[in-house]
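These are my notebook entries on a single protein chain. I record what I looked up and what I found, entry by entry.

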Amino acid sequence: MNVSSLMNYKERPLCDEKESIMKQSKESPFCESTDKTHMHEKSGLNNDSTQKSDYRHAFSQPGDDLYWQWLCSCPILTRNEILALIQYFGSPRGVYEAPLSAMAPFQKLRQKWVRSLISYKESCSLEKSADLLHQKGLKFCYQDDRHFPQKLRELVDCPHGLFYKGNLPDPDVLSVAVIGARRCSHYGAKMAAYLGAQLARYKVQVISGMAAGIDGMAQRACIEEGGRSFAVLGSGADICYPPENSRLYRSLPDRGGVISEFGPATPPLPGHFPIRNRLICGLADAVIVVEARKKSGSLITVDLALDQGKDVYAVPGRFGDELSYGCNHLIEQGAGILTSVEQFVEEVCQRNGLTYTPAENENRYMDSNDDHACSRHSRAPSSLTQVEQLIFEKLELDAKGIDQLLEETGLTMTQLTEGILNLQVRNAVQEVSRNRYARSSITLS
């Protein structure tokens with residue numbers, strides 16, 4: 001899709017988090033600026049690939065993997081501080097083997113930082129770092145490792161290394177990031193679950209941040225449907241954040257992976273999340289935004305995706321709805337409108353040179369874009385009574401009040417309230433607001 005109206009979007013003021021990320025990137029002498037053309041055209045990020053490749057080989061030697069792991073595990077070092085160290089000492093091995101006195105040139109610049117680094121060198125040996133990683137059940141790869149994602153190598157602010165549980169995304173399989181509001185609406189939650197499940201049926205890898213709301217809903221539905229999903233965290237890969245997604249966190253290594261550029265035991269600090277967002281869109285071939293407010297972290301991720309030349313699509317929302325502002329604004333500025341998963345997957349496969357394969361047992365019901373279509377994702381649990389089945393069938397994407405359900409079902413108040421209670425116990429129905437009920441976002445059992 002050719003879009004000429006993106007200039008308005010690109011010229012809007014950057015939020016503090018985006019400015020911080022761009023500042024960190026520009027501090028590196030190996031970074032070159034990229035230019036967004038529009039939301040569906042690659043921006044030619046490979047122009048500096050030779051330069052970055054030369055840089056990696058200059059500082060990486062055979063057997064350096066443990067030294068890279070040790071350096072990337074240091075909790076007080078940012079990406080650019082690691083870069084400064086290896087530029088000065090020649091390699092991660094050089095940083096590790098350097099005497100403490102060799103830190104003197106840095107002492108004048110960052111006294112507190114150097115003290116912390118010296119403390120780390122004294123307390124954490126190469127062996128201790130490797131043992132800790134093993135105890136946490138984590139794996140590590142650095143830029144020259146054959147397992148390191150090629151898509152991330154193309155970033156001007158490529159991480160030096162990745163810590164992960166499970167696996168890394170398959171480079172030969174389409175990957176899509178599904179992102180959106182943490183405090184999403186019931187509509188947003190249902191759409192996220194629907195998209196996660198549908199993408200799984202097309203064998204698409206779902207990338208997200210395992211955050212509350214849209215992210216977690218999409219990833220959970222993808223896994224429930226038998227698909228593969230990967231979470232990029234703003235903490236160490238050994239830390240589950242938010243805690244309420246602990247079940248999803250435990251299931252991801254078997255059905256995908258948990259990924260972070262932050263070392264083990266790194267807490268989920270607020271400043272880490274905008275940094276990790278560049279990896280979410282970096283690992284993806286396209287980005288889908290489900291719900292976003294006017295000032296939203298999801299829009300930061302969209303900015304980063306555009307810098308990387310990625311396709312951006314948005315799920316349209318209701319006019320005047322605060323949670324729909326971000327998506328509707330993106331569409332106004334030229335983002336793709338997601339109305340058919342089949343069409344979306346086919347388009348993105350074509351743009352990225354991947355083979356399109358129709359979904360197995362695909363129910364092509366989203367093309368109509370109606371409430372009945374999306375509500376069919378939440379299938380009825382087994383062994384419902386006749387009354388419960390009737391109530392479940394009448395509940396759709398939007399919540400309905402007691403009076404409306406009484407009229408539509410023809411049940412008595414006692415039958416209706418008892419049926420709703422039983423469905424709530426089975427997690428098939430939820431109370432969206434007082435006396436207003438809708439199907440739960442995920443009821444796949």
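How many helices and strands does the chain have? I counted 21 helices and twelve strands. I note at the outset that this is a predicted model.

**Entry 1. The chain as a whole**

I looked up burial next: of the 445 residues of the chain, 55% count as buried. I then turned to contacts with a sequence separation of 6 or more, and residues 24 or more positions apart account for 74% of them.

**Entry 2. Nonpolar cores**

Which residues touch the most other members of the largest nonpolar core? They are L71, L77 and L85, in a core of 37 residues. I listed the elements that give two or more residues to this core: α4 (65–72), α5 (79–89), α8 (111–123), α9 (126–135), β1 (139–142) and α13 (246–251).

I followed L77 further. Setting aside neighbours within four places in sequence, I found L77 in contact with L71, I82, L85, W113 and L117. I also recorded a second, separate core of 34 residues, which includes Y164, V232, V287 and A305.

**Entry 3. Helix α4**

Having met α4 as a contributor to the largest core, I checked how far this helix is covered. Six of the eight residues of α4 are buried, and I describe the helix as mostly covered. The buried residues are Y67, W68, Q69, W70, L71 and C72. L71 is thus on this list as well as among the residues that touch the most other members of the largest core.

**Entry 4. Helix α14**

I looked up the length of α14, which runs over residues 272–283. This helix has twelve residues and reaches 17 Å from its first C-alpha to its last, close to the 16 Å expected at 1.5 Å a residue.

Why do I call α14 largely enclosed by the rest of the structure? Twelve of its twelve residues are buried, so the description follows. The buried residues include the charged R276 and R278, and also H272, N277 and G282. Among the others I noted F273, P274, I275 and L279.

**Entry 5. Contact of α19 with α21**

I examined helix α19 (residues 386–394) against helix α21 (residues 413–425). Their axes come within 9 Å and cross at roughly 80 degrees. Angles of 65 to 115 degrees count as roughly perpendicular, and α19 and α21 are therefore roughly perpendicular to each other.

Which residues make the contact? From α19 I listed V387, E388, I391 and F392; from α21, Q415, L416, G419, I420, N422 and L423. The residues of this contact divide into six nonpolar, three polar and one charged.

**Entry 6. Backbone points in loops**

I found a cis peptide bond from Y241 to P242, with omega near 0 degrees. P242 has its place in the loop between β5 (229–232) and α13.

I then looked up two residues that have a positive phi although neither is a glycine. M210 has a phi of about 55 degrees and lies in the loop between β4 (205–208) and α12 (214–224). A265 has a phi of about 70 degrees and lies in the loop between β6 (256–260) and α14.

Are M210 and A265 buried or partly exposed? M210 is buried, with a relative accessible area of 0%, whereas A265, at 47% relative accessibility, counts as partly exposed.

**Entry 7. Pairs separated along the chain**

I looked up V345 in helix α17 (residues 341–351). At 2% relative accessibility, V345 counts as buried. Not counting residues up to four places away in sequence, V345 touches L174, L199, Y202, V204 and Y356. The C-alpha atoms of V345 and Y356 are separated by 7.4 Å, with the two residues eleven apart along the chain.

Y313 is in strand β8 (residues 311–314), and at 4% relative accessibility this residue counts as buried. I recorded 6.0 Å between the C-alpha atoms of Y313 and L338, which are 25 residues apart along the chain.

Finally, I located Q198 in helix α11 (residues 186–201). Q198 is buried, with a relative accessible area of 0%. From C-alpha to C-alpha, Q198 and A221 are 8.8 Å apart in space and 23 residues apart in sequence.

Definitions and conventions: Residues are numbered from 1 along each chain as its sequence is written. This is a predicted model: local features need pLDDT of at least 70, side-chain atom pairs count only at pLDDT 80 or more; totals for chains, interfaces and linings use all residues. Side-chain values use heavy atoms; hydrogens and water are left out. Axes are lines fitted to C-alpha atoms, for helices over the stretch in contact, and angles run from 0 to 180 degrees between N-to-C directions. Helices (H or I, at least four residues) and strands (E, at least two) are DSSP runs, numbered from the N terminus. Angles under 35 degrees count as roughly parallel, over 145 as roughly antiparallel, 65 to 115 as roughly perpendicular and the rest as oblique. Contact means heavy atoms within 4.5 Å. A nonpolar core is a set of buried Ala, Val, Leu, Ile, Met, Phe, Trp, Tyr and Cys residues joined through side-chain atoms within 4.5 Å. Buried means under 20% relative accessible area, exposed over 50%, partly exposed in between (1.4 Å probe, protein chains only). The expected span of a helix is 1.5 Å times one less than its number of residues.
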